[in-house]
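Subject: Structure handover

Hello,

Here is the structure for you to look through. Please open it first and then read the notes that follow.

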Amino acid sequence: MTRLHIDNGELTVRLPWRWALATRRRTVRLPLRFVDEVRVEPNWWRAVRPRPDPGYRFRPGRWCVGEIKHTRGRDFIALRARGPALVVSTSGRQAPYTRLALSTADPEADAARIRQGAKT
């Protein structure tokens, strides 16, 4: 599962080592000024959009991680194939991602923390 940290107006997503190896990155950063909406999606698979990038990796029925391109931009996903997904939507052309879809230990609490951090 991913771990989230909010510090200095930035959301930092830390990936587990296996997912970090698969994506060739340990962290993903998103400035909180770009956060538009934060929600919890009860079904993880609804958070995944089509057309994975070459850096996208998955294990059917277990997990999927990486970038997915679509007409509005690109998403970063790090999801386990069970449980709810934390979905962070962004606004603005400068945002590094259109959306983050993440599996976390407590998505409801993480969503509240991100909302609170985005307000300040």
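**Confidence**

Among the elements of the protein chain, strand 2 has the highest mean pLDDT, 97, and strand 5 (residues 57–59) the lowest, 80. Please keep in mind that this is a predicted model. The protein chain averages a pLDDT of 90, and 93% of the residues score at least 70. Where pLDDT is low, the predicted coordinates should not be read in detail.

**The three-stranded sheet**

Three strands form an open sheet in the order 1-2-3, and their pairing is antiparallel. At the edges are strand 1 (3–7) and strand 3 (27–31), each of which pairs on one side only. From one strand to the next, the twist averages 20 degrees.

Strand 1 and strand 2 (residues 10–14) run antiparallel and are joined by five bridges. To find your place in this pairing, look for Arg3, which stands opposite Arg14 in strand 2. Strands of a sheet pair through backbone hydrogen bonds, either parallel or antiparallel.

**The six-stranded sheet**

There is also an open sheet of six strands, with the order 4-8-9-7-6-5 and mixed pairing. Strand 4 and strand 5 are its edges; each has a single partner strand, so one side of each has no neighbour in the sheet. On average, neighbouring strands here are turned by 15 degrees against each other, direction ignored.

Within this sheet, look at strand 6 and strand 7, which run antiparallel and are joined by eight bridges. One residue to look for there is Ile68, whose bridge partner in strand 7 is Asp75.

**Helix 2**

Which strands does helix 2 lie across? Helix 2 (residues 107–119) lies across strand 1 and strand 2, running at about 20 degrees to strand 1. Helix 2 also lies across strand 4 and strand 8, and its angle to strand 4 is about 170 degrees.

**The nonpolar cores**

The largest nonpolar core has 24 residues. Leu11, Val13, Phe76, Val88, Leu100 and Ile114 have the most contacts inside this core. The elements that give two or more residues to it are strand 2, helix 1 (17–23), strand 3, strand 4 (35–41), strand 7 (73–80), strand 8 (85–90), strand 9 and helix 2. Helix 1 gives the most, with three residues. A second, separate core has nine residues, including Cys64, Ile68, Leu79 and Ala85.

Two residues of the largest core can be followed one at a time.

Leu100 lies in strand 9 (residues 99–102). Is Leu100 buried or exposed? Its relative accessibility is 1%, and buried means under 20%, so Leu100 counts as buried. Leaving aside neighbours within four places in sequence, Leu100 is in contact with Leu11, Val13, Val28, Leu30, Phe76, Leu86, Val87 and Val88. One of these, Val28, is 72 residues from Leu100 in sequence, while their C-alpha atoms are 9.5 Å apart in space.

Val13 is among the residues that Leu100 contacts. Not counting residues up to four places away in sequence, Val13 touches Thr2, Arg3, Leu4, Arg26, Thr27, Val28, Leu100 and Leu102.

**Aromatic pairs**

How many aromatic pairs does the structure hold? There are two.

One pair is Trp19 with Trp63: the ring centres are 6.2 Å apart and the planes are at 45 degrees, so the pair is tilted. This pair links distant parts of the chain, with Trp19 in helix 1 and Trp63 in strand 6 (residues 63–70), 44 residues apart. Trp19 is buried, with a relative accessible area of 6%, whereas Trp63 is partly exposed, with a relative accessible area of 21%.

The other pair is Phe76 with Tyr97, whose ring centres are 5.8 Å apart and whose planes are at 55 degrees, so this pair is tilted too. It also links distant parts of the chain: Phe76 is in strand 7, and Tyr97 is in the loop between strand 8 and strand 9, 21 residues apart. Phe76 has a relative accessible area of 1% and is buried. Tyr97 counts as buried at 6% relative accessibility.

Regards

Notes. Residues numbered from 1 in each chain as written. Predicted model: local features only at pLDDT ≥ 70, side-chain atom pairs only at ≥ 80, totals over all residues. Heavy atoms only, no water. Pairing = 2+ DSSP bridges. Helix = DSSP H or I, 4+ residues; strand = E, 2+ residues; numbered from the N terminus. Axes fitted to C-alpha atoms, helices over the stretch in contact; angles between N-to-C directions. Contact = heavy atoms within 4.5 Å. pLDDT = per-residue confidence, 0-100. Buried < 20%, exposed > 50% of the residue type's maximum accessible area, 1.4 Å probe, protein only. Core = buried A, V, L, I, M, F, W, Y, C linked by side-chain atoms within 4.5 Å. Phe/Tyr/Trp six-rings, centres within 6.5 Å; stacked < 30°, edge-to-face > 60°.
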